[in-house]
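Here's a quick briefing to help you find your way around a protein structure. Take a look at the sequence and the 3D view before reading on.

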Amino acid sequence: MADIINALLKDKLGSISLKSIFTGFMAIIVALITMLSTGNTGKVAMRVVGNVDTNTTAIAVEISNYTFETVKDEAGYSSYKLEIKDGESWREVSILGANKDIVSGDIKPLASSTRVIELNIFGMPYLEAGDYRLTKTFLSGQAATAEFTITEAVAQKAA
């Protein structure tokens, strides 16, 4: 029976096999379950990947599109905003000298992509320890925020 279905599909769809259709269908199901279980339906979500300490100069950011449309993303850092928690409020930190070659391009629905932004703060090579949030505004006006903590770097022992 599977051979008949495969032959029919090959005749109608070319080289697409029943296995590839099933794999694609399962990928969509997994993506939908992930979207529903995270509560991000209809949103663009962002998170900082990996540990960040006071010696960190590049922050890896994963952006996931849980909308049902393609989100346009432009190159550059002007649409990023970095803030540090100051008591109960947030205070903006300038992103001076940020990498101007940040990856741009469309973020497809139900897909993830990793973006890397290099942050330098007003002539200082490193950020201070504390709680931060990074907000990205896309061309559509939709925004995504990632909160993260920068820890104090462990001092290296001299040899």
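The notes below go from the overall layout to the core and then to the surface. Keep in mind that this is a predicted model. The protein has two helices and eight strands, and along the sequence they come in the order α-α-β-β-β-β-β-β-β-β.

**Overall layout**
- There are 159 residues in the protein, and 30% of them count as buried.
- Take the contacts between residues at least 6 apart in sequence: 62% of these link residues at least 24 apart.
- The accessible surface adds up to about 10,100 Å², with 56% of that belonging to carbon and sulfur atoms.

**The core**
- The largest nonpolar core has 24 residues, and the ones touching the most other members are Ile 63, Leu 82, Tyr 132, Leu 134 and Phe 148.
- At least two residues of this core come from each of β1 (44-49), β3 (58-65), β4 (80-86), β7 (130-137) and β8 (143-151).
- Strand β8 chips in the most, giving four residues to this core.
- Want one residue to click on? Leaving aside neighbours within four places in sequence, Phe 148 is in contact with residues including Val 48, Val 52, Ile 59, Leu 82, Tyr 132 and Leu 134.
- Also on that contact list for Phe 148 are Gly 130, Asp 131 and Arg 133.

**A patch on the surface**
- Met 1, Ile 5 and Leu 18 make up a nonpolar surface patch, and together they have about 300 Å² of accessible area.
- You'll find Ile 5 in helix α1 (residues 2-13).
- Ile 5 has a relative accessible area of 33%, so it counts as partly exposed.

Methods: Residues are numbered from 1 along each chain as its sequence is written. This is a predicted model: local features need pLDDT of at least 70, side-chain atom pairs count only at pLDDT 80 or more; totals for chains, interfaces and linings use all residues. Side-chain values use heavy atoms; hydrogens and water are left out. A nonpolar core is a set of buried Ala, Val, Leu, Ile, Met, Phe, Trp, Tyr and Cys residues joined through side-chain atoms within 4.5 Å. Buried means under 20% relative accessible area, exposed over 50%, partly exposed in between (1.4 Å probe, protein chains only). Contact means heavy atoms within 4.5 Å. Accessible areas come from the Shrake-Rupley method with a 1.4 Å probe; for residues, only the protein chains shown count as cover. Patches are made of residues with over 30% relative accessible area and no salt bridge: like charges are joined within 9 Å, nonpolar side chains (Val, Leu, Ile, Met, Phe, Trp, Tyr) within 5 Å. A salt bridge is a side-chain nitrogen of Lys or Arg within 4 Å of a carboxyl oxygen of Asp or Glu.
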